[in-house]
Amino acid sequence: MLSKRIIPCLDVKDGRTVKGVNFVDLRDAGDPVELAAQYAQQGADELVFLDITATHERRKTMIEMVKSVARQLNIPFTIGGGITEIADADALLNAGADKISINSAAVRNPKLIEDLAKTFGVQFVVLAVDTKHVNGKNMVHLNGGRLITELETENWIKQAEDLGAGEILLTSMDHDGTKAGFDCGLLGKINQMINIPIIASGGAGSMEHFTEVFQKANVDAALAASVFHYGEILIPDLKQELRRNNIPVRI
Amino acid sequence: MVGIINYGAGNIFSLTAALDRLNVTYGMVNTENDLEKYSHIIIPGVGHAGAAMEKLKGTGLVEAIKKLTKPVLGICVGMQLITEHSEEGDAALLDIVPVKTKKFDKSLNIKIPHMGWNAVSTKNNPLFTGVEDNTQFYFVHSYFIEYNPTFDIASADYGLKFSAAVQKDNFYGVQFHPEKSGKAGELILKNFSNLSL
């Protein structure tokens, strides 16, 4: 049986991880390679690196980081942030990334999804969607939820699947940062609509929230950042808890 | 020393990185003469099987690969290439292992691609030495190799039972990605590099 995946997400700026990480025994908490190795050892099934660098040197720095991670890491990982064209994706693939995640570039140019899927295969293309509830509708937002678009979340995800997205990373901006649990209602609804894997994101605060999102929304994977970085939830404990609840996991 | 068939189907950085971690030496196979230099051969591959086959034909290595008597390991699409035919692009493949590569059927109530960690039920085969039965490996594919007890050395379930690994004579194939499957995956690569026929 296919396992449900647990995915820590790391923000990277100028080749260094940012946001607090307080693992013990880390020589350098900002080193993405060391952090990634630590997560792999703990039993993370996959990792997502989100590049938030804004400088011109961005691409070069990122490629070097991806290569370093790929040299060390023996689990799959996704790179997101600033990917706008085939050449960006090609460089990341050749540096060892398993998947790329696109968000605003796909909203501005939906054909990018199709082009990436045709060039690299659907398995390489993750569509990240930030959604927020506005006037009774779920609307796609950009820039970390600051900018609303005219796209309704359900329609956009369906369109992206048709264009060749291989996986959806859905972040509920209403739940993100609240630690009050995932948006199981919306995730379950979207999950029923599509035939590609979906990663739940936004709202994880406790182990019960993970159990809940797998049981209620039946998503394929759950992603979180701070609860893992600050050691509030340890992945081995989480996997045991999920297994106790009869959710298939890799231990 | 492992020779990797260099035919441009997908990135091989992760594979060579895994071999580096295992201290397994390797080089690239670009020509027929290169095949002589190595004791073991890996056929990597991601993407479209039909397109990968066309690329492989472009290297002029097809006949030489079919004649190999040293251990050969196809990974993912590289495994599919050693089968007879793929429904992906209705492509005739190397036909080394007489089984077919088929598309996962949505009507089985499964998501496609099959993406993530799945348990593998292994048979007694040197490729899986030291790997516990039902160990999980990382898969990402939309086409699968039909289960055939004659050639199957490991199977997995996703809507139906399919071959996660096959063997015929010196030819091996794994559908999962050993280079992305944690310690168990690394063990598969190590076992392969130690195979002697």
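User: How much space lies in the largest cavity, and what makes it a cavity rather than a pocket?

Analyst: In this predicted model, the largest cavity holds about 280 Å³ of space. The word cavity applies because a 1.4 Å probe fits at its points but cannot get out, whereas a pocket is an open set.

User: What makes a residue part of the lining of that cavity, and which ones lie nearest its centre?

Analyst: A lining residue has an atom within 4 Å of a cavity point. The largest cavity has 20 such residues, and those nearest its centre are A:Asp98, B:Asn11, B:Val46, B:His177 and B:Glu179. Helix 1 (13-21) and strand 9 (135-141) of chain B are the elements that give two or more residues to this lining.

User: How many nonpolar, polar and charged residues does that lining have?

Analyst: Eleven are nonpolar, five polar and four charged.

User: How many cavities does the search of the whole structure find, and what is the volume of the second largest?

Analyst: Happily, a short list: two cavities of 30 Å³ or more turn up. The second largest has a volume of about 60 Å³, so it counts under that 30 Å³ cut-off.

User: Which elements give two or more residues to the lining of the second largest cavity?

Analyst: Helix 2 (58-72) and helix 3 (86-94), both of chain A, do so. Helix 2 of chain A gives the largest share, four residues. The lining includes A:Arg58, A:Met62, A:Gly81 and A:Asp88.

User: Why is one residue in that lining called polar?

Analyst: The class count is five nonpolar, one polar and three charged. A:Gly81 is in this lining, and Gly counts as polar by definition, so A:Gly81 is the polar one.

Technical notes
Residues numbered from 1 in each chain as written. Chains lettered and ligands numbered in written order. Predicted model: local features only at pLDDT ≥ 70, side-chain atom pairs only at ≥ 80, totals over all residues. Heavy atoms only, no water. 1 Å grid on protein atoms, 1.4 Å probe; cavity = no way out; pocket = protein on both sides within 12 Å on 5 of 7 lines; lining within 4 Å.
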